[in-house]
Amino acid sequence: MNSQQLLDYIIKPTLEYMSGNYNSKNAQMLLLATAAIESKCGYYIKQIDGPALGVWQMEPVTEDDVWMNCDALKSNVGRKIRAIINEEVDEGDTMLIINPMYACAMARLKYSMDKATLPDHKEIFEIYRYYKRIYNTPLGASTFEKFKSAWFECELDKIVL
């Protein structure tokens with residue numbers, strides 16, 4: 001998917017809908033960079049030989065952890081996320097694939113569970129470090145070289161926030 005369109009038509013509307021402190025240039029770039037490294041901004045929606053799903057390649061175990069442990073889901077944000085997925089639909093783990101707004105919100109909530117300040121949207125290495133620590137984890141396959149390659153391949157350096 002075109003990274004500017006992913007930002008303009010999925011990420012920004014999702015973060016605006018979530019309201020509160022979820023939307024900022026730092027959050028927008030962090031989610032865009034995560035999508036770039038995880039799926040080439042939606043080129044892959046199912047991990048090859050793995051369980052991760054959607055543009056943000058979230059594993060179902062991580063999705064479950066967010067639902068169980070993210071305090072924000074016990075508030076108005078939780079009601080908003082449930083409205084996105086329409087709880088009457090029982091799609092299981094595929095919701096991360098069929099509903100990009102939901103997948104974006106879950107990725108943002110995963111990051112919100114960490115108390116550290118989001119990295120500056122202009123600092124690629126700091127974005128990588130934050131992503132690596134929280135989203136990819138030390139056990140994940142991502143490296144700064146892979147992250148930087150995805151950043152430029154998806155043209156995040158040309159994005160208008």
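This is a short tour of two helices and one lysine in a predicted model.

Begin by selecting residues 3-18, which form helix H1. At 1.5 Å a residue, its 16 residues should span 22 Å, and because the C-alpha atoms at its two ends are 21 Å apart, the expectation and the model agree. At the start of this helix, show the side chain of Asn-2, where an oxygen comes to within 2.9 Å of the backbone nitrogen of Gln-4. Moving along to Ile-11, you will find that H1 bends there by about 30°, with a proline, Pro-13, following within four residues. Among the buried residues of H1 are Leu-6, Leu-7, Ile-10, Ile-11 and Lys-12, and if you display helix H2 (25-39), helix H4 (76-85) and helix H6 (100-112), you will see part of what covers the buried residues. Just after H1, stop at Ser-19, whose phi is positive, at about 60°.

Next, select H2, which has 15 residues and reaches 21 Å from its first C-alpha to its last, close to the 21 Å expected at 1.5 Å a residue. This helix is mostly covered, with 12 of its 15 residues buried, including Met-29, Leu-30, Leu-31 and Leu-32; the covering elements include H1, H6, H7 and helix H8 (144-153). Just after H2, Lys-40 also takes a positive phi, of about 55°.

Finally, go to Lys-132, which lies in helix H7 (residues 124-136). Which side chain of opposite charge is nearest to Lys-132? It is Glu-38, 8.5 Å away, and Lys-132 has no salt bridge although it is buried. Beyond its neighbours within four places in sequence, Lys-132 is in contact with Thr-137, Pro-138, Gly-140, Ala-141 and Ser-142.

Definitions and conventions: Residues numbered from 1 in each chain as written. Predicted model: local features only at pLDDT ≥ 70, side-chain atom pairs only at ≥ 80, totals over all residues. Heavy atoms only, no water. Expected span 1.5 Å × (residues − 1). Bend = angle between axes of the 7 residues up to and from the residue. Buried < 20%, exposed > 50% of the residue type's maximum accessible area, 1.4 Å probe, protein only. Contact = heavy atoms within 4.5 Å. Polar contact = N/O pair within 3.5 Å; in protein donor to acceptor, adjacent residues only side chain to side chain. Lys, Arg positive; Asp, Glu negative; His and termini not counted. Salt bridge = Lys/Arg side-chain N within 4 Å of Asp/Glu carboxyl O.
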